[in-house]
Amino acid sequence: MAYRLLLCFAVLSLSLSASAQTADELVSKNIQAKGGMEKIKAIKSLRMSGEVVFPGGFKAKAGQESMRPNLLRQTFTLQGMTAVQAYDGSVGWQIMPFGGRKDPEYMGEDDVRDLVIASDFDGPLVDYKEKGNTVEYLGHDIVDGDDALRLKVTLKSGDIIYYYLDPDTFLEIRTETQEFIRGSVRETASEMGAYKPVAGVMYPFSLSSGPKNDPTSWQTTNIDKIEANVPVESSDFAVPASLKKEAPKQ
């Protein structure tokens, strides 16, 4: 009996070790596929511009600026009005002029969670251990009829992102996110493609996303241009002076 128990523990340990090595191997291949760590870290800021297509066919101009380590500003222009959502590294704020709301306001926990995840400049896989994230390899899966390699990334916050990697290129083709907010779970999904190099690093120029259980309500972003290492000021992400007197929403 003791021998059998030892054998079981040995097999289990080897299995866990192989799984961890496979996860690290896939993370390494994903980073190499994007251009390698050196080129990824050489990019300090990004500016993106494109068009968002919503269900029903109406369109809007979209833009995004980001800077290391976790500064993010997104804009959305429709009918001459521009909405802003930004994260300054600790809190999120927004200007949503539609419906006459033209003053900046803090974003609540529910609304800012997506922005916090997106603000990770290199994404959760790069330096994942240093960030407090964990990665597990879950084997093969199917995305739109094609084979994919599935990784489970548990963020330091407790939220979970499932990455689906193309087995040929090792670039992500789909992600599924579970956010745990106030005792409930919010599930979203994204599919990405049309990868192109920018400063030696591969970025998707097409992105569709929305609620995981309702693809008919997804929006598609077609990116026209991505610029790397553009001059960006940290003040562009800072909370407006008119808001600093107020406490952030909880």
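Which side chains meet in a salt bridge at 3.9 Å, N to O? They are those of D141 and R150. The legends below describe close-up views of a predicted model.

**View 1. The salt bridge between D141 and R150.** The side chains of D141 and R150 meet with 3.9 Å from N to O. D141 is partly exposed, its relative accessibility being 28%. Side chains of opposite charge can pair when their charged atoms come close. In total, the structure contains 18 salt bridges, and further examples are shown in Views 2 and 3.

**View 2. A salt bridge within helix α1, between K29 and E25.** Helix α1 covers residues 2-34 and holds both partners. K29 and E25 are four residues apart, which is about one turn of the helix. Their side chains meet at 3.8 Å, N to O. K29 has a relative accessibility of 33% and counts as partly exposed. E25 is also partly exposed, with a value of 45%.

**View 3. The salt bridge between R174 and E191.** The N to O distance in this pair is 2.7 Å. R174 belongs to strand β10 and E191 to strand β11, so the salt bridge ties together parts of the chain that lie 17 residues apart in sequence. Salt bridges with shared partners also join E109, D110, R113, D159 and R182 into one network. Within the R174 and E191 pair, R174 is buried, at 12% relative accessible area. E191 is partly exposed, at 23% relative accessibility.

**View 4. The hairpin of strands β10 and β11.** Strand β10 takes in residues 172-181, and strand β11 takes in residues 184-198. The two strands pair in the antiparallel sense, with eight bridges between them. At the turn, two residues separate the strands. I181 has S184 of β11 as its bridge partner. R182 lies in the turn and has a positive phi of about 50°.

**View 5. The surroundings of T177 in strand β10.** T177 has a relative accessible area of 12%, so this residue counts as buried. Residues up to four places away in sequence are not counted among the contacts listed here. T177 touches I117, I160 and I161, and also R186, E187 and T188.

**View 6. The hairpin of strands β11 and β12.** Strand β12 covers residues 201-211 and pairs with β11 in the antiparallel sense. Ten is the number of bridges in this pairing, given as 10 bridges between β11 and β12. V198 finds its bridge partner in V201 of β12. Two residues lie between the strands, and A199 in the turn has a positive phi of about 55°.

**View 7. K196 over the ring of F205.** The side chain shown is that of K196, which lies over the face of F205. The distance to the ring centre is 4.9 Å. F205 is also among the residues in contact with K225, the subject of the next view.

**View 8. The surroundings of K225 in strand β13.** Strand β13 covers residues 219-228. K225 is partly exposed, at 45% relative accessible area. Setting aside neighbours within four places in sequence, K225 is in contact with R47, M48, S49 and F205. K225 and V198 are 27 residues apart along the chain, and their C-alpha atoms are separated by 9.4 Å.

**View 9. Aromatic pairs around F54.** The structure holds three aromatic pairs. In one of them, F54 and F58 are stacked, with ring centres 4.8 Å apart and 10° between the planes. The rings of F54 and F76 stand at 90° with their centres 5.5 Å apart, so this pair is edge-to-face. The F54 and F76 pair links distant parts of the chain, 22 residues apart. F54 sits in the loop between β1 (45-53) and β2 (59-67), while F76 is in strand β3, residues 71-78.

**View 10. The cluster of F54, F58, F76 and F98.** Ring pairs link these four residues, F54, F58, F76 and F98, into a cluster. F54 is buried, at 15% relative accessible area. F58 is partly exposed, at 44% relative accessibility. F76 counts as partly exposed too, with a relative accessibility of 22%.

Notes: Residues are numbered from 1 along each chain as its sequence is written. This is a predicted model: local features need pLDDT of at least 70, side-chain atom pairs count only at pLDDT 80 or more; totals for chains, interfaces and linings use all residues. Side-chain values use heavy atoms; hydrogens and water are left out. Rings of Phe, Tyr and Trp (its six-membered ring) pair if their centres lie within 6.5 Å; planes under 30 degrees apart count as stacked, over 60 as edge-to-face and the rest as tilted. Buried means under 20% relative accessible area, exposed over 50%, partly exposed in between (1.4 Å probe, protein chains only). A charge sits over a ring if NZ of Lys or CZ of Arg is within 6 Å of the ring centre and within 35 degrees of the ring normal. Two strands pair if DSSP finds at least two bridges between them. A salt bridge is a side-chain nitrogen of Lys or Arg within 4 Å of a carboxyl oxygen of Asp or Glu. Contact means heavy atoms within 4.5 Å.
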